Amino acid sequence: MPSDTILAVDDEVHILELISFNLKAAGYHVVTALTGEEALKRCEVEKPSLVLLDIMLPGIDGLEVCRRLKGDRTTSNIPIIMLTARGDEVDKILGLELGADDYITKPFGTAELLARIRTALRHTRKACGGEELREGQYIVGDLVIDYNKHRAYLGGEDAGLTPSEFKIPALLGRYAGRVLTYQQMLRELWGPAANPRDNKLLRVHMANLRRKLEKNPAEPRYILTEVGVGYRMVDDTN
């Protein structure tokens, strides 16, 4: 059973009670905060393993709390999962750009919440240990991303990706289970030459990729779209 400490931050008491109940049932130690100011103090004292952080908080909002935590070397390695309202794409993108590790949209189910927590904790532990997030191969279902050969295989057959196309699943596979914004992907894939506000190039590549990697491109199984935000590779452990 997990023994990590989770800090849950939300100004709605009933949501905190529900989160606490489910996380404690899963074996986590839970501390809570109702405001941004209280969250910052709790982090300083408790040094939690992960923070569940609502964006809409009185006083210091969740985005500012995220910025401060990620900007402080004593708390910068604590993974943060933002709790967002449905349709607030701008806030989701801002949170991820400020350093949040993931987001989850309200209302959410317990299984999804626990899966996102496990993924964020696993990535943080590997990163803090100095390991590559993914080494050798990433395998999920019939899809194999081979980092040494720079090739992707579907059902044992070479998917025939171009070097530019391969960069996309290779990047997403290293962060499988986590959403990467369009802007983050553009910077990682094409560097300063890419216009961070122009997603057309990325979407063209993604359409080509899905024709090669998905049996039914209209219902993708491996690379999922986070509408208005970015893309996520399915995590093999979730």
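How many bridges join β10 to strand β12, and in which direction do the two run? The legends below start there. This is a predicted model, in which local features need pLDDT of at least 70 and side-chain atom pairs count only at pLDDT 80 or more, while totals for chains, interfaces and linings use all residues. Residues are numbered from 1 along each chain as its sequence is written, and side-chain values use heavy atoms, with hydrogens and water left out.

**View 1. β12 and its partners, β10 and β11.** β10 and β12 (residues 230–233) run antiparallel and are joined by 3 bridges. Here strands (E, at least two residues) and helices (H or I, at least four) are DSSP runs, numbered from the N terminus, and two strands pair if DSSP finds at least two bridges between them. Look for V179, which stands opposite R232 in β12. Strand β11 (residues 223–226) is also antiparallel to β12, with 4 bridges, and I223 sits opposite M233. β11 and β12 make a hairpin with 3 residues between them, and G228 in that turn has a positive phi of about 75°.

**View 2. The largest pocket.** Its volume is about 250 Å³. A pocket here is an open set of points on a 1 Å grid over the protein atoms alone, where a 1.4 Å probe fits, with protein on both sides within 12 Å along at least five of seven lines; lining residues have an atom within 4 Å of a point. Grid points are joined across faces, edges and corners, and the volume is the space filled by probe spheres set on the points. Of the 13 residues lining the largest pocket, L96, Y175, R178, L180 and Q184 lie nearest its centre. β10 (179–181) and α7 (182–190) each give two or more residues to this lining, and α7 gives the most, with 4. By type, the lining divides into 7 nonpolar, 2 polar and 4 charged residues; Ala, Val, Leu, Ile, Met, Phe, Trp, Tyr, Cys and Pro count as nonpolar, Asp, Glu, Lys and Arg as charged, and the others, Gly among them, as polar.

**View 3. The second largest pocket and a cis bond.** This pocket holds about 160 Å³ of space. Its lining includes H14, L18, K106, P107 and F108. Helices α1 (13–25) and α5 (110–128) both give two or more residues to the lining, and α1 gives the most, with 5. The split is 6 nonpolar, 4 polar and 1 charged. While you're here, check the peptide bond from K106 to P107: it is cis, with omega near -10°. P107 belongs to the loop between β5 (102–105) and α5.

**View 4. Helix α6, residues 163–174.** At 1.5 Å a residue, counted over one less than the number of residues, the 12 residues of α6 should span 16 Å, and the end C-alpha atoms are 17 Å apart, which agrees. Buried residues (under 20% relative accessible area, with exposed over 50% and partly exposed in between; 1.4 Å probe, protein chains only) of α6 include F166, I168, L171 and L172.

**View 5. Two loop residues with positive phi.** K47 is not a glycine, yet its phi is positive, about 45°. K47 lies in the loop between α2 (36–46) and β3 (50–54) and is partly exposed, at 42% relative accessible area. H150, also not a glycine, has a phi near 55°. H150 sits in the loop between β7 (143–146) and β8 (151–154), and its 54% relative accessibility makes it exposed.
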